[in-house]
Amino acid sequence: MGVNRRDFLKIAGIAGLFGLSGRAAMDILAPGELEAAEKPVAPPGVKRWAMVVDSRKMDEALMDKCIEACHREHNVPNYGNPKEEIKWVWKEDYHHSFPGQQHAFIEEDLKHKEFLLMCNHCSNPPCCRVCPTQATFQREDGIIMMDMHRCIGCRFCMAACPFGARSFNWGDPWRVTRVEELKKLNPDFPTNRTYPTRSKGVVEKCTFCASRLARGEVPACVEAANEVTEGALIFGDLNDPESGVREALRKHYSIRRKPELGTEPNLYFIV
Amino acid sequence: MYDGGKIIVGLIACLAFFLSPFIYDAGTAAKAPKPVLTEKAKEAGECVNSTPYMKAWHMHLLDTWRHTVVRNDERYYSPRREARMARLDKNLFDQWRHFVSDGARRYVPKEDKVYYKSLQETCLDCHSNKSKFCDECHNYMGVTPYCWDCHIQPEEKK
Amino acid sequence: MLDTALKGRQGYWSWLIFLLALMGVGLGCYLYQFQEGLRITGMSRDVSWGFYIAQFTYLVGVAASGVMVVLPYYLHNYKAFGRITVLGEFLAIAAITMCLLFIFVDLGNPVRILNVILYPTPNSILFWDMIVLNVYLLLNLFVGWNVLSAERKGIPYRKWVKVLAYISIPWAFSIHTVTAFLYAGLPGRHFWLTAIMAARFLASAFCSGPALLILLCLIVRKVSRFDPGREQIRTLSGIVAYAMILNVFFFLLELFTAFYSQIPSHKIHFIFLFAGLEGYGKLAPWMWTATGFAILSLILLIVPATRRNLDTLAVACAAVVIATWIDKGLGLIIGGFTPNPFERVTPYWPTTPEIFITVGVWATGFFVLTVLYKMAVSVKEEVGA
């Protein structure tokens, strides 16, 4: 499969002797190989999960439904206080979703449009790079997972994430002093008795519903969205050329948040 | 020895201080509680592994479960496979664990059963009487596992 | 040598009891935080590091600055500093103690702190910071203690002490460089994403630390019979002057890049700090205060007459400490997090318990510092007598 590191170094070494460099060297010494290496080639059976948000099909009510489905699935309580807020998936307007992309004369629809945001499950995740305990890590299938049994609560990952996708449990939902207050805001908490709640001092975020994927189900938000509008959220395997996400990306113009940072987000937006 | 008397008195006072909890509690040892099984647990007749193993190593099992589920996405537990793997264990701690827990090494269930690794969905499904099955013994041992900080306890009938 | 710290006048004991009281209040507030979680602080999901981490960053600088007396003495054989190297090393010990405590109180799950060692992760800068800080603490403890006890016995210190002192010199630079890397390698935080971050950190460290050391020397001169020496203070004041000039220069470089390039994401944090954003400008008066003190200190430090006069020098040093503290202890962290990745402003201000915990940690540091300085000064008095 293409050029591996060893071969590349060999070619680079030989090229160096002849005073060649970069692309020219590759073209002469291994024609065609570089193009092959640039294309993602995955070992068979390995998945790379990604999501496409078809914003044309999304409206605020539908987004609220996705948010509710997710937060009920994962026992995310409403703290009634933006400072303590925990959000796995949320909505944000165009300007703040894609800072730097806005201008004064932007399409009227887009100006007021809200976008559904969540963890981008970046292929090159800065959060995993900085975590001192590997409590947040990248799975083979690309999902950025949180090990809440291990997290020490240093919040380095929150500083590293350029997308504000991470939330911290500033308090403990079960603390006796607050149970009454929280019960009022969340009368049926915990909403999912098969999923744990959280303790104070750990970071959490969207996991692409890893536990649902393990059962062969799609993420909760995808299920909720597609119940109303088919194809509003498309979830699938980027390594499979026939998958829904690949098809959607092939057919439509799509954007990602802050691609210039090189984190390679796996959340795509059709606008 | 300078101030020998003072030192000896001091030593005795220290010793008495550090032994005071034992002296205070002497002869009042509480009886070790026996874990109570629910009807469902009795009916099932067996846990995910042998009783001696579960008694001695359930915390280790749960620790392995949470680790392998979250980090490796391995969500099912097969005691047969585990027993087979145990023979291959080269790790000294694991060797000792199998030796101490007796049953673990030899316990190879006849049926090849597979369990979903979940404290909330699997363990507490049978052992829905947490206060009798878990807490009594934990309290007796003076341990407060923080599992319950997050994992939802079953609703028990009073 | 600890025996010397157990004998002191009334002033010494009242000072220690005062610090102990502050530590007690801090501990009480920390227990409250331990129970309730970090929700009792002013931090939020947008400004997820606050006062604690800011103090940590500032104090790493103070700790690193110990090298400014160690380097001339051991490397250039500048004999005059022999009198005060131990003061620099003991200041570093107190500062590192505070650094470690600030990291600890900032953790959401402090009981799991050993996970950093149980699951060592070399790709995390925090892992390296843990290593360099702890090793630096040990280096200073060994070197400072051994040199002082050798001085007490009137014998030259052992060879290996000198080896450790040599190691501690690049090590001091490493602690602040690694601390800068905590910030300077994060994509999307444009205020921190700057190659000059480590250099800026070192410059601000090498002015604020020695400035603090001068102030401490002046206090030691007042309360004890040990005189750190006029020449020593004069040399230190030169170091402070150069480092402060560099510090301000580096800051101006940042301003040039941000405002000449006119890149919004680079400008916006400075605008937030100095003018306020979206109606929130609580930091602006602080930043202008820092600017004022920085200018004042530069004038007093550059003009030879005011630099040589101990009274004006003390004012200059206090101004340096205040200016650099506001810059690093307030502006750096809050400014880096505001605006957030969505370009929204979430106000942050430390809460009362948060401030008490911070004061408690500072008191702990000063307690350590007082005891160590008492030992050093007593030994110096003994030898001098």
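Colleague: In this predicted model, why is C:Arg221 called partly exposed?

Modeller: The relative accessible area of C:Arg221 is 32%, and because the term covers values that are neither under 20% nor over 50%, C:Arg221 counts as partly exposed. C:Asp227, at 30% relative accessibility, counts as partly exposed too.

Colleague: What makes the contact of C:Arg221 and C:Asp227 a salt bridge?

Modeller: The side chains of C:Arg221 and C:Asp227 meet at 3.6 Å, N to O, and the cut-off asks for a side-chain nitrogen of Lys or Arg within 4 Å of a carboxyl oxygen of Asp or Glu, so the pair qualifies as a salt bridge.

Colleague: How do you know that B:Glu46 and B:Lys113 meet in a salt bridge?

Modeller: Their side chains come to 3.9 Å, N to O, and since the limit is within 4 Å, the pair is counted as a salt bridge.

Colleague: What makes this a link between distant parts of the chain?

Modeller: B:Glu46 lies in the loop between α2 (39-44) and α3 (51-72) of chain B, whereas B:Lys113 lies in the loop between α6 (103-106) and β2 (115-116) of chain B, and the two are 67 residues apart. B:Glu46 is partly exposed, with a relative accessible area of 35%, and B:Lys113 is partly exposed at 34%.

Colleague: Why is B:Lys130 called buried?

Modeller: Its relative accessible area is 4%, and buried means under 20%, so B:Lys130 falls into that class. The side chain of B:Lys130 also meets that of B:Asp135 in a salt bridge of 3.1 Å, N to O.

Colleague: How many salt bridges does the structure hold over all chains, and which residues of chain A are linked in a network of them?

Modeller: There are 37 over all chains, and in chain A a network of salt bridges links A:Glu73, A:Arg212, A:Arg215, A:Glu217 and A:Glu223.

Colleague: Turning to the sheet in chain A, what makes β8 and β9 its edge strands?

Modeller: The open sheet has four strands in the order β8-β1-β10-β9, with mixed pairing, and β8 (233-237) and β9 (254-255) are its edges, as each pairs on one side only.

Colleague: How do you know that β1 and β10 of chain A pair?

Modeller: Strands β1 (residues 49-54) and β10 (residues 267-270) share four bridges in the parallel sense, and because pairing needs at least two bridges, the two strands pair. A:Asp54, for example, has A:Ile270 in β10 as its bridge partner.

Colleague: Which strands does helix α12 of chain A touch?

Modeller: Helix α12 (residues 244-251) packs on the sheet and touches β1, β8, β9 and β10 of chain A, with its direction at about 115° to that of β8.

How values were computed
Residues are numbered from 1 along each chain as its sequence is written. Chains are lettered from A and ligands numbered from 1 in the order in which they are written. This is a predicted model: local features need pLDDT of at least 70, side-chain atom pairs count only at pLDDT 80 or more; totals for chains, interfaces and linings use all residues. Side-chain values use heavy atoms; hydrogens and water are left out. Contact means heavy atoms within 4.5 Å. Axes are lines fitted to C-alpha atoms, for helices over the stretch in contact, and angles run from 0 to 180 degrees between N-to-C directions. Buried means under 20% relative accessible area, exposed over 50%, partly exposed in between (1.4 Å probe, protein chains only).
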